[in-house]
Amino acid sequence: MTIERLREQVRGPVITPPDDDYDEARRVHNAMIDLHPAVVMRCANAGDVLAAVGFARENGVDLAVRGGGHSVPGFGTCEGGAVADLSGMRGVRVDAQRRTARAEGGATWGDFNAATHAYGLATTGGIISTTGIGGLTLGGGIGYLARGLGLTCDNLISADVVLASGEVVVADEEHNTDLLWALRGGGGNFGAVTSFEYRLSPVSEIYGGPIFFDVEHAADVLRGFRELIADAPEELGAFPAFQIAPPLPFIPEHRHGVPHIAVVTCWSGPVEEGPGAVAALRDLAPVAAEHLGPMPYPALNSAFDALVPPGLQHYWKANFAAELTDDMIAAHVEHGPRVPVVNSTVHIYPINGACHRVSQDETAFAYRDANFATVIAGMWPNPADNEANTAWVRDYYAATAPHSEEGGYVNFMAGDDQGRVKANYRDNYDRLAEIKRRYDPGNLFHLNQNIGP
């Protein structure tokens with residue numbers, strides 16, 4: 001198939017290197033990734049996605065499927081291949097009576113939350129609202145509501161999928177059930193998902209926000225958090241974070257630019273119970289600054305967007321932890337306060353509660369016994385700092401890895417983590433490889449944390 005023929009087939013723009021908007025079209029969130037695809041197809045509908053898949057297959061070129069474009073390894077682009085850019089496909093349709101929502105594959109969590117919040121409903125999303133629903137869901141989906149509602153993939157009811165063969169199928173509890181199982185955490189290995197259907201739950205106003213403590217209290221905060229979150233009500237979605245204090249009005253000026261340990265809180269139960277629900281977290285150490293109160297859930301989901309604008313340099317590492325052991329806490333206390341810039345951060349997400357009520361083999365996401373998912377998110381604006389800041393991430397990871405599980409959360413992994421893929425899926429890997437052989441035997445969908453056929 002030629003580019004000319006492709007342009008005749010599709011509704012969305014087909015962009016190639018001579019076009020004026022090519023540089024903008026090839027750009028992804030991570031500015032460290034600077035690749036030059038032969039063609040970027042800004043898909044307007046599922047038919048365009050089908051044409052993009054067919055173009056890559058027939059021409060034997062790499063295919064990148066881009067949703068929100070936040071992939072840290074830059075899986076939303078490629079060198080010399082084809083990009084199916086779904087970012088124009090952002091529609092969300094809510095069925096309030098059934099408590100479900102169907103969202104197109106290019107929608108972001110901001111799009112999704114805006115649509116569902118109007119009905120007082122939500123599902124587990126991420127932490128940054130500009131993140132695409134597709135990548136987050138396919139990798140598992142950790143967010144504020146996970147302890148109460150489960151992972152995003154646990155709330156996935158069905159998906160429309162364009163396969164490598166050119167066939168378009170539905171994966172749900174009655175059709176292609178093995179494919180649905182694989183999509184629940186197995187990444188973008190199995191096809192291009194053009195729409196996702198989710199189960200929704202009543203979540204409208206939440207009580208929460210960040211609480212900042214001096215880093216000298218980091219060990220006390222982490223030990224106390226470990227004890228509190230083990231049996232906290234599942235409506236409490238809180239996580240510790242190492243964070244340089246940004247210049248915000250609620251933070252005293254002398255603390256701006258200073259590393260802190262924070263606990264970001266989200267109480268999704270009755271709002272009037274919020275102050276009591278987070279009181280024990282406030283008592284972990286003397287509070288340096290806080291911004292707590294009732295707010296719409298989408299407001300919290302977008303509160304940190306300004307710290308993660310497009311165009312930063314990104315290098316991340318991730319691991320699961322069965323427990324925050326004292327040795328693990330010591331490693332965090334040593335490396336966390338060295339967070340290099342205000343954009344970089346370390347989050348320690350609790351994934352107990354509802355996440356543990358799903359068995360290891362019930363979805364592709366295998367670490368159902370882990371209590372925490374850690375991400376060391378190196379993000380900074382200046383490419384001149386790449387070597388030093390990448391070293392901070394690697395050194396931090398090396399210090400925490402001996403106290404962690406072998407695998408980690410695929411959505412938080414870097415491009416050099418391909419060797420960990422089997423460990424990420426544990427005993428589920430063989431079944432995933434079998435499903436891969438069935439749906440994508442030629443490994444057309446390989447720009448991901450790849451499960452080989």
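This passage walks through a few strands, one buried glutamate and one pocket of a predicted model.

A small sheet makes a handy starting point. Four strands come together in an open sheet, lined up in the order β1-β2-β4-β3, and their pairing is mixed. At the edges sit β1 (14-15) and β3 (63-66), each of which pairs on one side only. The link between β1 and β2 (residues 39-42) consists of two bridges, with the strands running antiparallel. Within that pairing, Val14 faces Met41 of β2.

Further along the chain comes strand β13, which covers residues 239-244. Six of its six residues are buried, so β13 is largely enclosed by the rest of the structure. The side that a residue points to makes no odds here: Phe239, Ala241 and Gln243 go one way, Pro240, Phe242 and Ile244 go the other, and all are buried. As for partners, β13 pairs with β14 (residues 259-267) in the antiparallel sense, over six bridges. One of the matched pairs puts Phe239 together with Val264 in β14. Strand β13 also pairs with β18 (residues 345-350), again antiparallel, this time over two bridges. There, Phe242 has Val346 of β18 standing opposite.

Next up is Glu197, a residue of strand β10, which spans residues 192-199. The relative accessibility of Glu197 comes out at 11%, and because buried means under 20%, Glu197 counts as buried. Its side chain has a polar partner: the side chain of Arg98, at 3.3 Å. Arg98 also turns up in the wider list of contacts made by Glu197, which leaves aside neighbours within four places in sequence. Besides Arg98, that list holds Thr100, Ala101 and Arg102, along with the run of Asn155, Leu156, Ile157 and Ser158.

Last comes some empty space. Rolling a probe the size of a water molecule over the atoms shows where such space is left. The second largest pocket holds about 420 Å³ of it. This pocket is lined by 20 residues, and those closest to its centre are Arg27, His29, Gly68, Gly69 and Pro310. Sorted by character, the lining is made up of nine polar residues, seven charged ones and four nonpolar ones. Among the residues closest to the centre, Arg27 belongs to the charged group, His29, Gly68 and Gly69 to the polar group, and Pro310 to the nonpolar group, because Pro counts as nonpolar, Arg as charged and Gly as polar.

Definitions and conventions. Residues are numbered from 1 along each chain as its sequence is written. This is a predicted model: local features need pLDDT of at least 70, side-chain atom pairs count only at pLDDT 80 or more; totals for chains, interfaces and linings use all residues. Side-chain values use heavy atoms; hydrogens and water are left out. On a 1 Å grid over the protein atoms alone, a cavity is a set of points where a 1.4 Å probe fits but cannot get out, and a pocket is an open set with protein on both sides within 12 Å along at least five of seven lines; lining residues have an atom within 4 Å of a point. Grid points are joined across faces, edges and corners, and a volume is the space filled by probe spheres set on the points. Buried means under 20% relative accessible area, exposed over 50%, partly exposed in between (1.4 Å probe, protein chains only). A polar contact is a pair of N or O atoms within 3.5 Å; within protein, one must be able to donate a hydrogen and the other to accept it, and residues adjacent in sequence count only if both atoms are side-chain atoms. Contact means heavy atoms within 4.5 Å. Two strands pair if DSSP finds at least two bridges between them.
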